[in-house]
Amino acid sequence: MDNQPLKDSVQSPSILFRLNGGLYCADSRYVSTIMKLPQFTVLPDTPPYISGIFPLRGGSVTMFDLRAALKLKSMDEDFSDFTSMLDARKQDHVNWVSALERSIETSERFTLATDPHKCNLGKWYDNFKTNSSELSAHLARLEEPHRKLHEVALRAEHCIEARDRDAVADCKKSVFEEARDEYMPKVLDVLESAKEIFRVREFQEMVLVLSGDTGLGMVVDEVLSVETVEEEELGTQHQLMSQSPYIQRVVKSRNYDELILEINLPAVMRAGDDVSAQQSSARSAG
């Protein structure tokens with residue numbers, strides 16, 4: 001099979017896509033169809049980077065999982081890591097409220113974060129980036145209740161300015177109940193519902209069906225655009241290029257600040273051919 005595109009001297013656009021948070025591209029001359037990942041059948045006894053097969057236009061397309069081929073985390077692992085992190089941040093704030101309650105009851109100094117930007121959740125949120133406008137808008141709902149929750153600790157300290165001991169106790173009880181019954185539930189609810197939004201909006205797997213009689217489709221996270229890229233002079237020094245046969249150079253685009261790793265589609269096709277040959281041999285032997 002001839003894996004060469006039309007004339008290499010012709011400048012052709014590249015298909016830019018996301019993979020495990022990184023930016024990648026592939027020569028559009030090798031790609032016949034871009035589509036959302038359909039329902040598929042898992043193939044037994046295949047390498048990890050061959051994830052399944054699905055029907056298309058009277059034939060079938062074998063799925064080449066680019067994450068697995070590049071030894072990146074799977075989407076399931078990404079989702080598990082994200083949900084585990086959110087569960088940990090939820091528990092942090094349950095513990096924070098419990099510590100505040102103990103501080104109020106014992107009159108001991110409260111030592112946990114009173115600045116919402118200095119707790120683990122605040123540090124994560126301030127640096128979190130997503131391509132999903134829905135997830136971004138949802139997490140923005142976290143800011144006000146999270147800020148007010150942490151401010152409760154400062155308000156409790158000011159309760160000592162009340163007229164007498166009973167007034168101080170009533171003041172501390174009142175502000176604590178705000179934290180426990182109003183602000184903390186809102187924070188926990190936003191974090192819990194973010195899990196499903198992350199799963200649905202961040203995981204929009206797509207397939208680049210390769211040209212010719214390859215019967216191969218490369219699975220990526222999300223296709224972003226089709227545009228012309230330029231070679232990055234420092235590309236040959238990129239560590240991933242020496243680690244994987246599926247990355248051939250580093251390029252750049254005027255529309256993105258990030259460096260872009262270009263996928264070696266002939267190498268992908270050769271890997272698909274090898275798997276097909278092994279399967280044919282196994283069927284013949286059987």
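The following questions and answers examine the disulfide, the aromatic pairs and one helix of a predicted model.

User: Which two residues form the disulfide of this structure?
Analyst: A disulfide is a covalent bond between the sulfur atoms of two cysteines. A pair of cysteine sulfur atoms counts as a disulfide within 2.5 Å, and the structure holds one such link. Its sulfur atoms lie 2.0 Å apart, and the two residues are cysteine 159 and cysteine 171.

User: Is the link of cysteine 159 and cysteine 171 left-handed or right-handed?
Analyst: The handedness is given with the angle about the S-S bond, which is -65 degrees here. With that angle, the link of cysteine 159 and cysteine 171 is left-handed.

User: How many residues apart in sequence are the parts that cysteine 159 and cysteine 171 tie together?
Analyst: Cysteine 159 lies in the loop between helix H5 (143-158) and helix H6 (165-202), whereas cysteine 171 lies in helix H6. The pair therefore ties together parts whose separation in sequence is twelve residues.

User: Is cysteine 171 buried or partly exposed?
Analyst: Buried means under 20% relative accessible area, and partly exposed covers the range from there up to 50%. Cysteine 159, with a relative accessible area of 1%, is buried. Cysteine 171 has 27% relative accessibility, so it counts as partly exposed.

User: Is the aromatic pair of phenylalanine 17 and tyrosine 24 stacked or edge-to-face?
Analyst: A search of the whole structure finds nine aromatic pairs. In the pair of phenylalanine 17 and tyrosine 24, the centres are 6.1 Å apart and the planes 10 degrees apart. Planes under 30 degrees apart count as stacked, so this pair is stacked.

User: How many residues apart are phenylalanine 64 and tyrosine 246?
Analyst: Phenylalanine 64 and tyrosine 246 form an edge-to-face pair, 5.4 Å centre to centre with 70 degrees between the planes. Both phenylalanine 64 and tyrosine 246 are buried. Phenylalanine 64 belongs to strand S5 (residues 59-65), while tyrosine 246 is in the loop between helix H7 (239-243) and strand S10 (247-253). The pair links distant parts of the chain, and the separation is 182 residues.

User: What arc around the axis of H3 do its buried residues Leu121, Gly122, Trp124 and Tyr125 cover?
Analyst: Helix H3 spans residues 120-127, and Leu121, Gly122, Trp124 and Tyr125 are buried in it. These residues lie on the same side of H3, because the arc they cover around the axis is only 165 degrees.

Technical notes
Residues are numbered from 1 along each chain as its sequence is written. This is a predicted model: local features need pLDDT of at least 70, side-chain atom pairs count only at pLDDT 80 or more; totals for chains, interfaces and linings use all residues. Side-chain values use heavy atoms; hydrogens and water are left out. Buried means under 20% relative accessible area, exposed over 50%, partly exposed in between (1.4 Å probe, protein chains only). Helices (H or I, at least four residues) and strands (E, at least two) are DSSP runs, numbered from the N terminus. The arc is that of the directions from the helix axis to the C-beta atoms. Rings of Phe, Tyr and Trp (its six-membered ring) pair if their centres lie within 6.5 Å; planes under 30 degrees apart count as stacked, over 60 as edge-to-face and the rest as tilted.
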